[in-house]
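Trainee: I've just opened this one and don't know where to look. Can you walk me through it?

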Amino acid sequence: MQANFLSSSSILTNPCPRSFFPRPTTTQSQQLFLSSVTGARTNAATTARRSVQGDRSARWVVTPPSAVPEKMKAWVYDEYGDAGVLKIDEAVSVPPVGEDQVLVRVEAAALNPVDSKRRMGKFKATDSSLPTVPGYDMAGVVVKVGSQVKNLKEGDEVYGHISEKVLEGPKQYGSLAEYTAVEEKLVALKPKNIDFAQAAGLPLAIETAHEGLERAGFSAGKSILVLGGAGGVGSLVIQLAKQVYEASTVAATASTPKLELLKSLGADVAIDYTKENFQDMPEKYDVVFDTVGQGDKAVKVVKEGGSVVVLTGAVAPPGFRFVVTSDGSVLEKLNPYLESGKVKPIVDPKGPFPFSQVVDAFSYLETGRATGKVVISPIP
């Protein structure tokens, strides 16, 4: 989908009648912003956009802004519910920047199933306070650094998952906004060979794939079955297992139209779940990585002493579930595989969705039919 740059007047398809976030005091403003200049960004500050071709193959030209405004556009919700609770607010205060944080001008963000679950109130007990700017994944440009930041500087192109723990106190100011603040340790420099939209779709999914494989004790010469191989996490499990861990055999499930994608990602065996029941097949695997909630069936095809990684649904021994920890060092470790092209980000062909269509993007994500990642770009 072509994602054209939108004017501020064109994005108000679902406007919010008021700002959910209070205006900072003068003292806060002096602490939070690079400059006392307020209002809309200058043309020079908004040049990180696609060239006129408009498609994802077009080059990005990034110019770091000379000033950060007090207010920004963001998607927000002040009550839990379906995607209809989301509203655009054009006057959200730019988030404060801690000593160990960087302020990032967001160029692209990605949606994850956990975003939907959080919005629906599944994690109220450990969630941040409402109102909320949703979003975990992002890619963008550093525009301000905290006093304790050591390795990043203004103008750096970065990507990452902005909350260290997805379910435990996630940030109130998420990535579906023009700016977000994030700890330096949670982000990494963006690989130079991929664009912002591709980079934004990676962090949570690739960190989940990596941590699951690590916890399962996966290593060279072992075999793995990936349930849901065409999804955001599954597509990366296939690639990491093959390219990073040197698996002996990678099998994966998907629907008929997506079998060729599985093979292109490195799957040795592509199983059409609409025609075959993987649990009835004779093959057994050292690890089964279940991204779709079939843990009860997955345990039937794991070898004795093997592991079943379960991301959703019921867990039966030897299955286990975990909550991923955001870690920029993991992204740094995997960057060479991305830069070499051995591991490729997969953006759903219906996207990137423009910023004005976040509600539509969530509705599509929640069908469970996305291929790879659902990405929002450009922002705003």
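Mentor: Start with helix α4 (residues 203–215) and helix α8 (residues 328–339), which pack at about 90 degrees with axes 10 Å apart. Axes are lines fitted to C-alpha atoms, for helices over the stretch in contact, and angles run from 0 to 180 degrees between N-to-C directions. Helices (H or I, at least four residues) and strands (E, at least two) are DSSP runs, numbered from the N terminus.

Trainee: So how are α4 and α8 oriented to each other?

Mentor: They're roughly perpendicular, a label for angles of 65 to 115 degrees.

Trainee: Which residues make the contact?

Mentor: P203, I206, E207, H210 and E214 come from α4, and V330, L331, K333 and L334 from α8. Contact means heavy atoms within 4.5 Å.

Trainee: Anything I should know about the model itself?

Mentor: It's predicted: local features need pLDDT of at least 70, side-chain atom pairs count only at pLDDT 80 or more, and totals for chains, interfaces and linings use all residues. Residues are numbered from 1 along each chain as its sequence is written, and side-chain values use heavy atoms, leaving out hydrogens and water.

Trainee: Switching to the sheet, what's the strand order?

Mentor: β12-β11-β10-β13-β14-β15, an open sheet of six strands with parallel pairing. Two strands pair if DSSP finds at least two bridges between them.

Trainee: Which strands sit at the edges?

Mentor: β12 and β15 (319–320), each pairing on one side only. Two bridges join β15 to strand β14 (residues 302–310), and V309 has F320 as its bridge partner in β15.

Trainee: And where does helix α5 lie?

Mentor: Across β10, β11 and β13; α5 covers residues 232–244 and runs at about 170 degrees to β10.

Definitions and conventions:
Angles under 35 degrees count as roughly parallel, over 145 as roughly antiparallel, 65 to 115 as roughly perpendicular and the rest as oblique.
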